[in-house]
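Trainee: Could we go through this structure together, one question at a time, with the reasoning set out before each result?

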Amino acid sequence: MPIFKTPFNGYSVKFSPFYENRLAVATAQNFGILGNGRLHVLDLSPEPSLPISELVAYDTADGIYDVAWSESHDSIVIAAVADGSVKLYDLALPPTSNPIRSFQEHTREVHSADYNPVRRDSFLSSSWDDTVKLWTLDRPTSVRTFKEHAYCVYSAVWNPRHADVFASASGDCTLRVWDVREPGSTMILPAHEFEILACDWNKYDECVIATASVDKSVKVWDVRNYRVPLCVLNGHGYAVRKVKFSPHVRNLMVSCSYDMTVCVWDFMVEDALVSRYDHHTEFAVGVDMSVLVEGLMASTGWDELVYVWQHGTDPRAP
Amino acid sequence: MEKAINRQKILLHHLNPSSSTHPNESSSLHASACVAGDSAAYQRTSTFGDDVVIVAAYRTAHCKAKRGGFKDTLPDDLLAPVLKAVIEKTNVNPSEVGDIVVGSVLAPGAQRASECRMAAFYAGFPETVPVRTVNRQCSSGLQAVADVAAAIRAGFYDIGIGAGLESMTTNPMGWDGSVNPKVKMFEQAQNCLLPMGITSENVAQRFGVSRKEQDQAAVESHRRAAAATAAGKFKDEIVPVTTKIVDPKTGEEKSVTISVDDGIRPGTTVSDLGRLKPVFKKDGSTTAGNSSQVTDGASAVLLMKRSVALQKGLPILGVFRTFAAVGVDPAIMGVGPAAAIPVAVKAAGLELDDIDLFEINEAFASQFVYCRNKLGLDPEKINVNGGAMAIGHPLGSTGARCVATLLHEMKKRGRDCRFGVISMCIGTGMGAAAVFESGDCADELCNARKVDDLLLSKDARLK
């Protein structure tokens, strides 16, 4: 299976929505605590046994915590940078022209970025300054700032079907659901007793959302009945850093954790843990499932490695 | 740099240790201990929150008796600072403490018990908190900790303090009164009267521990203790004590703060020690240089039920697992640890190979070397910051001092260090040992020793 060694510690990995063999990786020096960052755009070889090649790499003055592909332009990538900036890169332009835009509004580290998959004209960034900001490609300032969270916002994710709805997960132990047309959040879900590090919407049921927390669990919720979770997924030995629903199977989801493992779950089954991958030798902090190739997964961690593998196979197999 | 500190803090919150045992997590998956299997000891079951944990352990600096920094300090003024420290640093309400048990050997029993009670008042404990002493010779401090752990486990109270105190300036070793003539009829009883140094000579002679080996052990102890002091490793565990020094000529009192051990000799070499004459036996091998020092010092350990520690939000420094005291031949009392350690380790369901760190009291180099070799222990795991030959051996305090030293070192080593053992030989022929586990930072599953064969039980192995 393809492996790529990054010079810095990995923070996030995303498959391109346009090319099945392309992915972007966000990395940060010194575990993202101090130093530079680098955004890698990688190309997979059609043959799985051949190595991953690097299309391009961009350096930043501070660590990059997250990366997001544009849904409207195949060559545009968004980076969430630890110095509080959100940077836009265009792969079609030479390195000297990049970044094509740098938004500098967040007052603290930007932890996540997500592009609107329905309207395709805007994206979100969430930050440790307790806010989420809404941006469009053609405006120099943010369209709006969402300010209700009381602690770091680790994740903000668009609903896959409703163009104006997104959810945000925060260290204040709440998940909030917003409609950008409304002045405030439409729902506050006290999902966990501890910080919530990630959230994701189900791709087939727009009312289902998952949250991942420092309490080592992943919870799946139906927003129409938010008093009790649909299920609680236990099995990680440390905080769960990312959670993602599969684009191909309604009940399938993937999570990665500080326990250095990537887990695949079927949340409708009583014994929900489908498989556990322990290929990382440091905190596993980034995971993604390909939209274009069913079962294709990628993960990255603080061990400075990016793995790409088919679900059901050993990521380390040559 | 402030930005880096903030980021580190936020990321470290993701690894919040208390989340592993949050009381509301009723639906959590727990690794269940299979009591029939050999790996039961590795699966810590903290679901009920009823095991006994250590949340603080401190000691004074250790100073030479009669000549060191505490030569003019009264015993109760030595104990009060460490009792005060375990309360102040953890912010525990002193009235919640169920008992204070102090190990102490040399002072007259009733007087020492009164001095410990007085020290508790100096430290801010109300009259409702009881105090008692315990004397199991050189292991008294460890026995105090074990007694408190047993009382908590029995449900007598939830929070207790095991401590140790000895001022060998005020109370030197000695024997009061005459000896019962009856001892002549019982060889073992007669051997209880042997000076400790003679038992060291007996160990060296009977088990072939050479003078050179003993001197090398002493040099290593001083070297390690000096390195640990220079690296600041003892700062976490030593409580500075403000006291007085009286000039013997002028009688003038001077206020001083003692925060560093003063018995450590960094420059000691094997050839230096080789020049010393044996003290106890002509042509013997035990010298002042390869024996533990006569010392003043005190120490204290705060223990509580795990559920109480979680409720108070206190970091867990260590877990008390087992304690064992065993008897051995009084003539070679120094072999006590070699007999006690296997018993305590086995009682914990572990094997010697599972123990990552040892604090074995160095009463004498001969018995220390013998026990190390007898048990086949890796020298890199024993007394890694020096031992009693360098730091000193205030008889009643050493056991609790070793708890402080062991747990602070285990904390520094993190995940690589899960189980630790403390042991000492005991005058009149005993050994004591206790097994500790590192605190919450231990991963519930990943640090377990891999069981080589898949057999469920040791009994199933064919041999």
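**Two threonines, a core and some rings**

Mentor: In this predicted model, the side chain of B:Thr295 has a polar atom that lies 2.8 Å from the backbone oxygen of B:Gln293.

Trainee: Which backbone nitrogen lies 3.1 Å from a polar atom of the side chain of B:Thr295?
Mentor: B:Thr295 is found in strand β8, residues 295–305 of chain B, and among the residues that it touches are B:Ile391, B:Gly392, B:His393 and B:Pro394. The backbone nitrogen at 3.1 Å from a polar atom of its side chain is that of B:His393.

Trainee: Is B:Thr295 buried or exposed?
Mentor: The contacts of B:Thr295 include B:His62, B:Cys63, B:Glu166 and B:Met168. Its relative accessible area is 1%, and a residue counts as buried under 20%. B:Thr295 is therefore classed as buried.

Trainee: How many Å apart in space are B:Thr295 and B:Ala65?
Mentor: B:Ala65 is one of the residues touched by B:Thr295, although the two are 230 residues apart in sequence. Taken from C-alpha to C-alpha, their separation in space is 4.6 Å.

Trainee: With which side chain does the side chain of B:Thr243 make a polar contact?
Mentor: B:Thr243 is found in strand β6, which covers residues 241–246 of chain B, and it is buried, with a relative accessible area of 13%. The residues it touches include B:Gly69, B:Phe70, B:Lys254 and B:Ile258. Its side chain makes a polar contact, at 2.7 Å, with the side chain of B:Thr73.

Trainee: Within the span that UniProt lists as "domain: Thiolase N-terminal", residues 52–307 of chain B, how far apart do the end C-alpha atoms lie?
Mentor: The UniProt listing comes from an unreviewed entry, whereas the geometry is computed from the model, where the span is 34% helix and 20% strand. The end C-alpha atoms of residues 52–307 of chain B lie apart by 9 Å.

Trainee: Which helix gives the most to the largest nonpolar core?
Mentor: The largest nonpolar core has 51 residues, and those touching the most other members are B:Leu79, B:Leu83, B:Ile100, B:Phe125, B:Ile161, B:Leu302 and B:Met304. The helix that gives the most to this core, with 8 residues, spans residues 75–88 of chain B and is helix α2. A second, separate core of 35 residues includes B:Ala204, B:Val326, B:Ala340 and B:Ala348. The helix asked for is, again, α2.

Trainee: What kind of aromatic pair do A:Tyr115 and A:Phe123 form?
Mentor: A:Tyr115 is buried, with a relative accessible area of 3%, and A:Phe123 is buried as well, at 0%. Their ring centres are 6.0 Å apart, with 20° between the planes. Planes under 30 degrees apart count as stacked, so the pair of A:Tyr115 and A:Phe123 is stacked.

Trainee: Over the ring of which residue does the charged end of A:Arg38 sit?
Mentor: In chain B, B:Arg59 lies over the face of B:Phe234, at 4.8 Å from the ring centre. In chain A, the charged end of A:Arg38 sits 5.3 Å from the centre of the ring of A:Phe8.

Trainee: How much strand is there in residues 189–225 of chain A?
Mentor: This span is one of those covered by the annotation "repeat: WD" in an unreviewed UniProt entry. Its end C-alpha atoms are 10 Å apart, and the chain there is 0% helix. The strand content of residues 189–225 of chain A is 51%.

Terms used: Residues numbered from 1 in each chain as written. Chains lettered and ligands numbered in written order. Predicted model: local features only at pLDDT ≥ 70, side-chain atom pairs only at ≥ 80, totals over all residues. Heavy atoms only, no water. UniProt positions renumbered as here; feature names shortened; annotations may be inferred. Helix = DSSP H or I, 4+ residues; strand = E, 2+ residues; numbered from the N terminus. Buried < 20%, exposed > 50% of the residue type's maximum accessible area, 1.4 Å probe, protein only. Polar contact = N/O pair within 3.5 Å; in protein donor to acceptor, adjacent residues only side chain to side chain. Contact = heavy atoms within 4.5 Å. Core = buried A, V, L, I, M, F, W, Y, C linked by side-chain atoms within 4.5 Å. Phe/Tyr/Trp six-rings, centres within 6.5 Å; stacked < 30°, edge-to-face > 60°. Lys NZ or Arg CZ within 6 Å of the ring centre and 35° of its normal. Lists of a residue's contacts leave out its neighbours within four places in sequence.
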